Amino acid sequence: MRFDIITVLPELLDSPFAHSILKRAQKKGLTEIVVHNLRDYSTNKHKSVDDYPYGGGSGMVMTIEPFAACIEKLKAERNYEEVIFMTPDGETLSQSIANELSVKGNIIILCGHYKGIDQRIRDLFVSREISIGDYVLSGGELPAAVLVDAVVRLLPGVLSDETSALSDSFQGELLDAPVYTRPAVWRGLEVPQVLLSGNQAKIDEWRYDQALERTKSRRPDLLK
Ligand code: ADE
């Protein structure tokens, strides 16, 4: 699965994809993440990618041409199943959207800045608009990194324990149960005895009960 991310701040995306699970997934050839500098597609002598809004008002609007040039170049090279625009007025990212995207082939992600992007880019090229939550960030880069992380960890072979993505909070309808590691006692605080019992059936039952309790108290909306 390949992601092409189009941005005016490619450096902002250097780190999120260069470590840990995302780094390993790329090394293993399970995903390819390519970041494109939008300014490289500006034909303007100042390499500008924005302009004043028609009708006046504050803030600059990102222009059509550089996005169109980059998207059309990519589309001439391979097929894309989605062109996603990261925007606070999109549908809110959820585990089910991440699951849906994880079975796609190639995806283009557009990162906006300033006041937004010319509506015609959205009308003409964008197949899906996604928000990572009801708050406004300075640009679409961090949201794009969040989206790619949520999707890549679902690709077969990315996580060493194949079942571990399936047992994540939100993958079923329950949040995760609490987890513990050594030492068994720290400043008088003990790990629940059942986890040290070696009785797997009892442990599974305890985890289920804890997950249910946690979901009831924190996210009752997840329980149907
Ligand atoms: N760009 C700015 N804020 C955003 C958000 N919350 N989600 C997606 N893209 C954004």
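Where is Tyr135 found? Tyr135 lies in the loop between strand 8 (128-131) and helix 5 (141-152). Before going on, please keep in mind that this is a predicted model.

I will stay with Tyr135 for a moment. Its relative accessible area is 45%, so Tyr135 counts as partly exposed. Together with Leu9, Leu12, Leu137 and Leu142, Tyr135 makes a nonpolar surface patch of about 430 Å².

Now the overall layout. The chain is divided into two parts: domain 1 covers 2-152 and domain 2 covers 169-223. Taken over C-alpha atoms, the centres of domain 1 and domain 2 are separated by 37 Å.

Next, strand 1, residues 2-7. Is this strand enclosed or not? Of its 6 residues, 6 are buried, so strand 1 is largely enclosed by the rest of the structure. In a regular strand, side chains alternate between the two faces of the sheet. For strand 1, Arg2, Asp4 and Ile6 are buried on one side, and Phe3, Ile5 and Thr7 are buried on the other, which leaves both faces covered.

Which strands does strand 1 run parallel to? One is strand 2 (residues 32-37), joined to strand 1 by 6 bridges, with Asp4 standing opposite Val34. Another is strand 6, joined to strand 1 by 5 bridges; here Arg2 stands opposite Asn106. On the way from strand 1 to strand 2 we meet helix 1 (residues 20-27), and these three elements make a right-handed β-α-β unit.

Strand 6 brings us to strand 5. Strand 5 (residues 82-92) and strand 6 (residues 106-111) pair in the parallel sense over 5 bridges, and Glu82 stands opposite Ile107. Between strand 5 and strand 6 the chain passes through helix 3 (residues 95-101), in a β-α-β crossover that is right-handed. Strand 5 also runs parallel to strand 8, with 5 bridges joining them. In that pairing, Phe85 stands opposite Glu129. Strand 8 is also where we came in, since the loop holding Tyr135 lies between strand 8 and helix 5.

Last, a sheet of 3 strands. This sheet is open, has the order 3-4-7, and its pairing is mixed. Strand 3 (50-51) and strand 7 (116-117) are at the edges with a single partner strand each, so one side of each has no neighbour in the sheet. Strand 3 pairs with strand 4 (residues 61-62) in the antiparallel sense over 2 bridges, and Asp50 stands opposite Met62.

Definitions and conventions: Residues are numbered from 1 along each chain as its sequence is written. This is a predicted model: local features need pLDDT of at least 70, side-chain atom pairs count only at pLDDT 80 or more; totals for chains, interfaces and linings use all residues. Side-chain values use heavy atoms; hydrogens and water are left out. Patches are made of residues with over 30% relative accessible area and no salt bridge: like charges are joined within 9 Å, nonpolar side chains (Val, Leu, Ile, Met, Phe, Trp, Tyr) within 5 Å. Accessible areas come from the Shrake-Rupley method with a 1.4 Å probe; for residues, only the protein chains shown count as cover. A salt bridge is a side-chain nitrogen of Lys or Arg within 4 Å of a carboxyl oxygen of Asp or Glu. Helices (H or I, at least four residues) and strands (E, at least two) are DSSP runs, numbered from the N terminus. Buried means under 20% relative accessible area, exposed over 50%, partly exposed in between (1.4 Å probe, protein chains only). Domain bounds come from an automatic or database domain assignment. Two strands pair if DSSP finds at least two bridges between them. A crossover is right-handed if, with the strands pointing away from the viewer, the path from the first strand over the helix to the second runs clockwise.
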